[in-house]
Amino acid sequence: MSQTPQIKYAIFDLDGTLLDTETIYTIATQKYLDEYANGVKFTYDVKKQLMGRHINVSTQILLDTYHINDTLEHAVQYKIETLNKLWPTVKPLPGAMRILNYFKKHNIPIALATSTTKAVFDIKMQGKKEMLDYFDVIVLGDDPHVKEAKPNPQIFLHAGHLLGCTDMKQAIVFEDAVLGVQAGIASGAYTVAIPDHEHPEDPYFQNAYTVLKSLNEFDPKIFGLPNDY
């Protein structure tokens, strides 16, 4: 951290970063494996390959990894139906609303950049208008301008472009997944990792500019930002 960043834009992932979705993804995936893969355990080594990816891509990886004799279409539909029943219970993660309010208070434009498709996003965000109101830009996984999924940085670059950012070194990206952190770093933005609290030990996270246990640990000073929340 030799040079203090000069941050003018903030970009957030959604699942596992702002919303406590990872537990629900695990429950839904394990339910599918119980029914179609003889109850094989859904391990973190597999989960980290799925986190941050479009549901079609992550589901295909799941089918291939566990050698499941099912169609992609059916497996995706099963997961969507299971998840849709669980989304109303999703809550913001600790520090999520606080940090969004911080950036809004200091007039720093905020983007949401998530691999979630619009149909799922609309269900997931029901009853969360307060959070939605913080975002100046929202880029979803089925945005036609985003043709490559994370770890490709395209979604963050597009979000930055929509915010008016011409130099990603003026942006900060918040991510919980290894693929997302890879994408954030590749975009050129200062990348903050907030690993899944159950599995924070992945060594790749150390490549991030800083690693937090939760958003409540965010220290504006190291990014050249005002220290008052």
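**Internal cavity, domain interface and surface pocket**

The largest cavity has a volume of about 380 Å³. Of the 26 residues that line this cavity, D15, Y25, L50, R53 and S58 are the closest to its centre. The structure described here is a predicted model, and a single cavity of 30 Å³ or more is counted in it.

Several helices take part in enclosing the largest cavity. At least two lining residues come from each of α1 (22-36), α2 (44-50), α3 (55-65), α4 (72-86) and α6 (118-124). The greatest contribution is that of α1, which supplies three residues to the lining. By class, the lining of the largest cavity comprises nine nonpolar, eight polar and nine charged residues.

The position of the cavity can be related to the domain organisation. The domain assignment divides the protein into domain 1, formed by segments 9-20 and 91-223, and domain 2, formed by residues 22-89. In the contact between them, 21 residues belong to domain 1 and 14 residues to domain 2. Because domain 1 and domain 2 both give residues to the lining of the largest cavity, this cavity lies between them. Taken over C-alpha atoms, the centres of domain 1 and domain 2 are separated by 23 Å.

The extent of the interface was also computed. The size of an interface is often expressed as the accessible area lost when the parts come together. Between domain 1 and domain 2, the buried area amounts to about 1,700 Å². Carbon and sulfur atoms give 55% of this area. One salt bridge is counted between the two domains. A salt bridge is formed by D202 with K48, with a distance of 3.1 Å between the closest N and O atoms. D202 falls within the 91-223 segment of domain 1, and K48 within domain 2 (22-89).

In addition to the enclosed space, an open pocket was characterised. The largest pocket has a volume of about 210 Å³. Its lining consists of 17 residues, of which G16, L93, P195, D196 and H197 are the closest to the pocket centre. Six nonpolar, five polar and six charged residues make up the lining of the largest pocket.

Definitions and conventions:
Residues are numbered from 1 along each chain as its sequence is written. This is a predicted model: local features need pLDDT of at least 70, side-chain atom pairs count only at pLDDT 80 or more; totals for chains, interfaces and linings use all residues. Side-chain values use heavy atoms; hydrogens and water are left out. On a 1 Å grid over the protein atoms alone, a cavity is a set of points where a 1.4 Å probe fits but cannot get out, and a pocket is an open set with protein on both sides within 12 Å along at least five of seven lines; lining residues have an atom within 4 Å of a point. Grid points are joined across faces, edges and corners, and a volume is the space filled by probe spheres set on the points. Helices (H or I, at least four residues) and strands (E, at least two) are DSSP runs, numbered from the N terminus. Ala, Val, Leu, Ile, Met, Phe, Trp, Tyr, Cys and Pro count as nonpolar, Asp, Glu, Lys and Arg as charged, and the others, Gly among them, as polar. Domain bounds come from an automatic or database domain assignment. Contact means heavy atoms within 4.5 Å. Buried area is the accessible area (1.4 Å probe) that two parts lose on being put together, summed over both. A salt bridge is a side-chain nitrogen of Lys or Arg within 4 Å of a carboxyl oxygen of Asp or Glu.
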